[in-house]
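Please open the model in your viewer and set it to a cartoon view, with side chains ready to be switched on. The tour below goes from one selection to the next and says what is to be found at each stop.

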Amino acid sequence: MTQRNSAIVRNICLTAAAATTVGLAALSASANLLFRFAIDTQWKHSIFHQAAIAPERDEKMRAGEAGGAMEWFDQAKQPIAITSGDGLRLRGWIFDPDCVDPEPHIYAICMHGYTGAPEEMAKWAHRLARMGFTVLVPSQRAQASSEGRYVGMGWLERNDLLGWIHAIVAGDEQARILLYGGSMGASTVMMAAGDPRLPRNVVAAVAESGYASARSEFIDAARGMFHLPRFLAAICVDAAGLVCKYRAGYDFADASCVRSLRHTVIPMLFIHGGDDRMVSPRSLDANYAACSSLDRTRLLVPGAGHMESSATDPKTYWRTYEGFVKRVFGL
């Protein structure tokens with residue numbers, strides 16, 4: 001190789017190395033920003049300190065029946081708290097049955113979603129209380145009144161949910177428990193439902209608008225928000241997952257409902273809106289197909305957005321929801 005060619009090759013290598021260094025630095029910075037924006041509730045620029053993600057959806061969720069349920073929620077709530085396995089003080093509300101002849105030993109736990117609060121579950125909690133359930137509505141870690149800094153996208157929260165279940169069973173060994181979750185709360189429920197530590201007291205679960213995995217959800221979000229090609233969005237999300245592993249103790253790939261549902265044996269009801277723009281309806285297909293339970297039901301509500309199925313088609317929604325619960329619990 002001539003001296004001239006050697007110089008050309010050397011310059012190409014130096015340029016490539018510089019470009020790689022700059023690229024890695026940019027990727028590292030982007031990954032850290034994505035992690036802090038999406039997971040760190042104490043960072044003042046995170047999504048948890050922004051205006052409502054979907055104000056129109058929030059308005060729909062508080063319309064009609066939900067208004068009366070919110071009033072009931074505020075009047076009937078009783079405080080309850082536990083300590084998580086990693087030392088956080090988790091708080092929530094418990095509600096006595098709101099009917100003349102309550103059924104003994106039946107309980108429901110309602111888990112709210114990402115950037116949410118227990119009050120979001122008022123409509124579901126009220127319905128279940130009227131059916132005779134004692135209802136528990138926890139505040140998810142790092143949100144609302146519970147302690148913590150990092151959101152676990154359902155993976156860390158599944159441990160918290162198991163803690164709430166054990167708290168109920170400690171007070172009533174004959175407890176029969178229903179799990180309900182919306183959005184990230186649904187993914188929390190699905191991951192707990194497939195956990196081998198799940199007590200036999202858990203009879204059934206309902207998962208509404210839950211994603212298939214945190215990784216796929218963030219990839220979809222990155223593609224939609226920043227118009228990135230899928231491979232580049234995946235690179236950014238995987239890099240942020242490594243930051244999350246270091247800071248919060250889990251990788252986005254760990255939070256997989258599909259993987260957990262392969263070990264689920266309790267009856268499951270999956271619900272999703274056909275026009276959901278926040279969590280793709282593809283997740284309904286993926287979660288339902290992965291579920292190993294012999295008793296599994298699905299409901300896709302055409303035209304419904306994220307967590308709007310009960311408002312879009314209340315007749316079909318509640319007939320399916322309450323029919324499933326009554327059948328499984330023998331009510």
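Begin by selecting Glu322 and Arg127, both of which are buried in this predicted model. With their side chains displayed, you will find that the two meet in a salt bridge, with an N to O distance of 2.8 Å. The pair links distant parts of the chain, since Glu322 belongs to helix H12 and Arg127 to helix H4 (residues 122-130), 195 residues apart.

Next, colour the strands and follow the open sheet, in which eight strands are arranged in the order E1-E2-E4-E3-E5-E6-E7-E8 with mixed pairing. At its edges you will find strand E1 (78-83) and strand E8 (296-301), each of which pairs on one side only. Neighbouring strands of this sheet are turned against each other by 20° on average, if direction is ignored.

Now zoom in on E1 and strand E2 (residues 89-95), which run antiparallel and are joined by six bridges. If you pick Ala81, its bridge partner in E2 is Arg91.

Keep the sheet in view and add helix H12 (residues 314-329), which packs on the sheet and touches E3, E5, E6, E7 and E8, its direction making about 165° with that of E6. Then add helix H6 (residues 184-193), which lies across strands E3 (106-111), E5 (176-182), E6 (202-208) and E7 (268-273), and which runs at about 140° to E5.

Return to the loop between E1 and E2 and select Ser84. Is Ser84 buried or exposed? Ser84 counts as buried because its relative accessibility is 9%, and the cut-off for burial is under 20%. Leaving aside neighbours within four places in sequence, the contacts of Ser84 are Leu90, Arg141 and Asp160.

The last stops concern salt bridges, of which a search of the whole structure finds 15. Select Asp220 and Arg230, whose side chains meet at 3.7 Å, N to O; Asp220 lies in helix H7 (residues 214-226) and Arg230 in helix H8 (residues 230-248), ten residues apart. Asp220 is partly exposed, with a relative accessible area of 25%, and Arg230 is also partly exposed, at 40%.

Move on to Asp254 and Lys245, which form a salt bridge at 3.9 Å, N to O. Here Asp254 is partly exposed with a relative accessible area of 22%, while Lys245 is partly exposed at 44%. Finish by selecting Arg36, Asp40 and Arg149, which are joined into one network by salt bridges that share partners.

Note on methods
Residues are numbered from 1 along each chain as its sequence is written. This is a predicted model: local features need pLDDT of at least 70, side-chain atom pairs count only at pLDDT 80 or more; totals for chains, interfaces and linings use all residues. Side-chain values use heavy atoms; hydrogens and water are left out. Two strands pair if DSSP finds at least two bridges between them. Helices (H or I, at least four residues) and strands (E, at least two) are DSSP runs, numbered from the N terminus. Axes are lines fitted to C-alpha atoms, for helices over the stretch in contact, and angles run from 0 to 180 degrees between N-to-C directions. Contact means heavy atoms within 4.5 Å. Buried means under 20% relative accessible area, exposed over 50%, partly exposed in between (1.4 Å probe, protein chains only). A salt bridge is a side-chain nitrogen of Lys or Arg within 4 Å of a carboxyl oxygen of Asp or Glu.
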